[in-house]
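Work through the exercises below with the sequence and the model side by side. Try each task before reading the solution that follows.

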Amino acid sequence: MCIRDRRKYAFFGLAWTLLIFSHVSCHKLESEVEPNQESEVESNVVPEDKPKSSINQQEDTGEFVGEPPLKEDNTIPGSKLPPLEKVNEQKTPFIIEPPKNWFQKYMLEIFFSLVLAGYAVQFFAGKSHNEKVARAWVALNMPVFAAQFASIGISSQAEETKKPSPEPSIVAEEENGVHGALIEQHSYSMFKFYATGRMNCNYCLVTLDLKRRQDMFTMFTFNLLWPEQDKVSYEIPLLFADSFPCIFALVKKRNMKNILENDKILKDYTTQYKITGLSDQFAVLTEYEEIADHILTPHMIEKLNKSPDSYDFIELMDQPSSTNNSLVLRIDYVLEGKATLETSADLTNDVLKLVDSIANFKVNRGLRDEIQSKRVKILQVESKEKREARQEEQMKKKAEKQKEKEAKQANLTPEQQRKLEEKEHKRDLKRQNKKLVKIAKKQSKLISFISVSYTHLRAHETSLHLVCRLLLEKKKQHN
């Protein structure tokens with residue numbers, strides 16, 4: 001299980017737990033409130049034989065001792081104030097009506113239980129369907145890989161290197177009498193197949209990126225707006241003696257704008273090239289025409305025109321900034337249904353034939369030098385643009401700092417400004433001294449003074465390398 005799925009299921013579990021806890025607490029609170037309300041209602045009910053006394057019938061035993069009592073119409077004797085209103089002390093009881101039946105009482109729990117059950121059914125059904133698709137693909141392509149490669153599967157590679165496989169893997173079970181190879185499972189919708197040991201290529205890595213059928217939320221919301229597709233991607237680093245520089249891509253026209261915005265190499269190094277007979281749904285981007293004509297043979301063009309929706313992307317590229325022209329072939333293929341899955345073995349055969357065809361392609365010396373000179377010019381332009389952008393960013397930062405400094409100085413008094421200028425002047429002198437010290441240290445390393453005698457200087461006056469006069473004098477003294 002991938003991290004994204006774990007977080008999602010943890011979130012649903014936590015939300016479900018909080019919902020149950022809050023609903024149980026609400027029921028408990030209602031059960032505690034109802035008896036108190038009944039007792040309050042009972043206390044507010046006044047017996048019939050004891051009518052409530054009005055204000056004029058109450059005896060004042062406190063502050064207003066000796067004052068005349070109120071009249072029957074609630075007026076004070078000898079006063080012109082209007083009569084007092086009678087106070088209704090009886091309160092209206094607040095009664096919570098209980099739900100009519102159990103369905104209304106537990107409607108929220110029932111709804112979320114159904115959603116959770118549907119999510120669980122979709123999870124196990126989608127997971128099982130993706131595993132079946134992966135196993136079926138391996139079973140159909142296993143004979144092709146077994147005939148072309150010496151080592152197949154993630155586990156076989158681990159056994160050869162005597163190291164355990166770092167990622168969990170599943171074994172394609174025996175289906176229809178064909179045993180599948182080991183395939184690495186990265187998530188419930190992504191599987192990877194590995195093969196190595198073949199001429200003209202280092203290895204072949206196949207990635208099955210299937211629909212997220214295990215996720216009900218994705219299938220019934222995002223998938224309706226942006227439909228997902230089952231894709232098979234081939235990544236093959238080419239390995240042959242006479243490698244050559246190349247940048248080539250076959251893309252869908254509807255995706256070309258987005259691809260050029262995201263891929264700077266294709267944008268800077270390639271131009272669109274028209275291939276006669278190719279469907280209008282495709283666009284060819286190439287660095288030079290010879291490689292496009294070599295890859296898109298009449299047989300390949302016929303296959304592309306026959307199933308234009310199946311082929312999504314073909315790319316052959318090296319790194320322009322590197323002197324080592326290591327080519328990598330990438331092909332994206334769409335599994336439209338059961339019929340396309342059954343013909344996936346033919347696609348694998350075509351991919352491996354394309355590898356051998358690229359290995360036989362030769363680039364003459366003149367074309368190679370022309371490509372390298374173009375790449376050098378483009379790299380120089382890119383480095384210049386980066387340098388200018390970096391300088392422009394530094395200038396913006398300096399301008400912003402200068403504005404902040406001017407804004408601070410505008411609010412200071414003349415005395416504070418003078419002190420600030422002195423402080424900045426001292427800081428600048430300190431920086432200059434540090435720079436001078438560094439320069440002096442560098443010069444002292446380059447120029448070193450050694451004290452020598454006059455005789456040494458006289459001995460090296462000419463290019464004849466005369467014997468030092470000091471040695472001659474010592475020799476005379478010894479004699």
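**Exercise 1: Salt bridges**

A search of the whole structure finds 17 salt bridges, where a salt bridge is a side-chain nitrogen of Lys or Arg within 4 Å of a carboxyl oxygen of Asp or Glu. The model is a predicted one, in which local features need pLDDT of at least 70 and side-chain atom pairs count only at pLDDT 80 or more, while totals for chains, interfaces and linings use all residues. Residues are numbered from 1 along each chain as its sequence is written, and side-chain values use heavy atoms, with hydrogens and water left out.

Task: Find which parts of the chain the salt bridge of K231 and D312 ties together.

Solution: Begin with the contact itself, in which the closest N and O atoms of K231 and D312 are 3.5 Å apart. Next, place the partners: K231 lies in strand β6 (residues 230-237) and D312 in strand β10 (residues 311-317), so the pair ties together parts that are 81 residues apart in sequence. Here strands (E, at least two residues) and helices (H or I, at least four) are DSSP runs, numbered from the N terminus.

Task: Decide whether R375 and D318 are buried or exposed.

Solution: R375 forms a salt bridge with D318, with 3.0 Å between the closest N and O atoms. This pair links distant parts of the chain, since R375 is in helix α12 and D318 in the loop between β10 and β11 (328-335), 57 residues apart. Both residues are buried, where buried means under 20% relative accessible area, exposed over 50%, and partly exposed in between (1.4 Å probe, protein chains only).

Task: State how far apart E422 and R418 are in helix α13.

Solution: The two residues form a salt bridge whose closest N and O atoms are 2.7 Å apart. Because they are four residues apart in helix α13 (residues 414-446), E422 and R418 are separated by about one helical turn. E422 is partly exposed, with a relative accessible area of 40%, and R418 counts as partly exposed at 36%.

**Exercise 2: Cysteines**

Task: Explain why C204 forms no bond with C201.

Solution: The search of the whole structure finds zero disulfides, a disulfide being a pair of cysteine sulfur atoms within 2.5 Å. For C201, the nearest cysteine sulfur is that of C204, 6.9 Å away, and this distance is too far for a bond. As for their surroundings, C201 counts as buried at 4% relative accessibility, and C204 counts as buried at 1%.
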